[in-house]
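Student: Could you take me through this model with a set of questions and reasoned answers?
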Amino acid sequence: MKRRREELDELIKRGILPYAYSYDVDSYSSEIKQNYEKYEGKDVKVAGRIMALRRMGKATFAHIQDFKGRIQIYLKKDELGEMYDVFKLLDIGDIIGVEGFVFKTKTGEISVHAKSYQLLAKSLRPIPIAKEAVDENGNKIVYDQFADKELRYRQRYVDLIVNPEVKDVFIKRAQIITQIRKYLDENGLIEVETPILQPLYGGAAARPFITHHNALDIDLYLRIADELYLKRLIVGGFDGVYEISKDFRNEGMDKTHNPEFTMLELYVAYKDYEWMMDFVEKMVVELCNNVFGKNQFVIEGKEINFNPPWKRVSMVDELLKVTGIDVLKAGYDDLVKALKERGVEPKGGESKGKLIDELFEVTIQPSLIQPTFVIDYPLELSPLAKKHRSKEGLVERFEGFVLGREICNAFSELNDPIDQRMRFEEQAKMREEGDEEAHQIDEDFVRALEYGMPPTAGLGVGIDRLVMLLTNQPSIRDVILFPQMKPEK
């Protein structure tokens, strides 16, 4: 770093601007290499970061990396004169713009023969460039890789420089979101925005982040879900609405949980959860085909086929089949015993619904490898879902699972204000008994329902988890550019 600062001082002494204002790029590395016949002999202006340097006295070869890849640059002292000597003050990591013509070297490498170059940004920190060597058996060995996962997440800017394939995941992420938005728009849904700061939180079972509004002198919550505001819009007369937004939950962090995450929520009037299952199948298959050009993937070594129809199984029936327990009739102590027998120690104070959910997670969920809809959940688990039209004690709800992971959650939405109030009151009792994730009573939402909400189907999709799945990434941190981390020491 000391040497780089000395180089910077020398550049300034020579009248070289070390941090330019702009540069007119007209070509990219991959385009030149893929279309050499079109570019051969033509002048181009490329820009990028120096990633390799080979000085040979009166000639220098360098590789620069732009957004789309790498290309070799050839610089000759006889042609560049004084600026060739200035190039000796440049280093790996510096960003340059180069104007020159495209040619092939004697070894056949497509390159840009520099007529001129411009320093665009001097790098003051050395980049952790991996070094490659070939052993006696011809195997490539990589040294000094920037491979520490925590450091890569913390310094994503360095990760993107030295591991450019990481960019591909985030390009795919953007394309997935674009395709989802296109699908929903084409199906007549309207994209809306709802409050992030909320006087009450709801729409999910989770603990919130709390902040304070000075002017109103009130505490506010960062939303844990968009649900209750989007349903208000269905009451107001929208037939279909959706939001792709950041939600926040003040809970543990692991491979599938980040406190700040991206959620798609949508609500469609006059539909139910049966209709929504078909809608989800079509949406996922369409985005797979349009973004990846296929709907069958090898993920974590398993072949996954997203072709519809997806398998549909009842949560209660599957639990009875696997555990021998009818969870609708089982008592609280029966569920605690069943969990303990499977190595799960309940914390105490959980609702019966929470215990059923934990039993499902340890007995059924890991076996759901191919895309599967788990349907018809116990009432205690779903305070915002409509009671099943024909099965006592159940609600019309489904969750989609792939490789044992939940990728979506949907209901036939509860639109009976009296039933909704009773469910909120049950949740309030659970809060008093120690369940920190139980819902609050949202009087304004009940008031909205009292004006009348049509039959409605609702859906939530965790975008981060969907991207993890389709790009075969092991952790949610691999699909979030700047995941939450512990503070640096």
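Tutor: The turns below deal with a barrel, a hairpin, some salt bridges and a pocket, and the model they describe is predicted.

Student: In what order do the 5 strands of the barrel close?

Tutor: Strands of a sheet can pair in a parallel or an antiparallel sense. In this barrel the pairing is mixed, and the twist averages 55° from one strand to the next. The 5 strands close in the order β1-β2-β3-β5-β4.

Student: Which residue of β3 stands opposite Ile 64?

Tutor: Strand β2 covers residues 59-66 and strand β3 covers residues 69-76, and the two pair in the antiparallel sense over 8 bridges. Within this pairing, the residue of β3 that stands opposite Ile 64 is Ile 71.

Student: Which residue in the turn of the hairpin formed by β14 and β15 has a positive phi?

Tutor: Strand β14 (residues 296-299) pairs with strand β15 (residues 302-305) in the antiparallel sense over 4 bridges, and the bridge partner of Val 298 in β15 is Glu 303. The hairpin leaves 2 residues between its strands. In that turn, the residue with a positive phi, of about 50°, is Glu 300.

Student: Which residue forms a salt bridge with Glu 31, and is that partner buried, partly exposed or exposed?

Tutor: Glu 31 belongs to helix α2 (residues 29-34), while its partner sits in the loop between β2 and β3, 37 residues apart from it. The closest N and O atoms of the pair are 2.9 Å apart, and Glu 31 itself counts as partly exposed at 25% relative accessibility. The partner is Lys 68, which at 40% relative accessibility counts as partly exposed.

Student: Are Glu 413 and Lys 231, whose side chains meet in a salt bridge, buried or exposed?

Tutor: Their contact is 2.6 Å from N to O. Glu 413 lies in the loop between β19 (405-412) and α14, whereas Lys 231 lies in helix α9 (residues 227-235), so the salt bridge ties together parts that are 182 residues apart in sequence. The cut-off for buried is under 20% relative accessible area; because Glu 413 has 2% and Lys 231 has 0%, both residues count as buried.

Student: How many salt bridges does the structure hold?

Tutor: Among them is the pair of Asp 85 and Lys 88, whose closest N and O atoms are 3.7 Å apart, with Asp 85 partly exposed at 25% relative accessibility. Salt bridges also link Arg 3, Arg 4, Glu 7, Asp 91, Asp 94 and Lys 122 in a network. For the structure, the number of salt bridges is 40.

Student: Which helix gives the most to the lining of the second largest pocket?

Tutor: The second largest pocket holds about 380 Å³ of space, and of the 18 residues that line it, the closest to its centre are Glu 380, Arg 423, Glu 426, Gln 427 and Met 430. Two helices, α13 (352-363) and α14 (417-432), each supply at least two residues of the lining. The helix that gives the most, with 7 residues, is α14.

Student: How many residues in the lining of the second largest pocket are charged?

Tutor: Sorted by class, the lining of the second largest pocket includes 4 nonpolar and 4 polar residues. The number of charged residues in this lining is 10.

Definitions and conventions: Residues numbered from 1 in each chain as written. Predicted model: local features only at pLDDT ≥ 70, side-chain atom pairs only at ≥ 80, totals over all residues. Heavy atoms only, no water. Pairing = 2+ DSSP bridges. Axes fitted to C-alpha atoms, helices over the stretch in contact; angles between N-to-C directions. 1 Å grid on protein atoms, 1.4 Å probe; cavity = no way out; pocket = protein on both sides within 12 Å on 5 of 7 lines; lining within 4 Å. Points joined across faces, edges and corners; volume = space filled by probe spheres on them. Nonpolar A, V, L, I, M, F, W, Y, C, P; charged D, E, K, R; others polar. Salt bridge = Lys/Arg side-chain N within 4 Å of Asp/Glu carboxyl O. Buried < 20%, exposed > 50% of the residue type's maximum accessible area, 1.4 Å probe, protein only.
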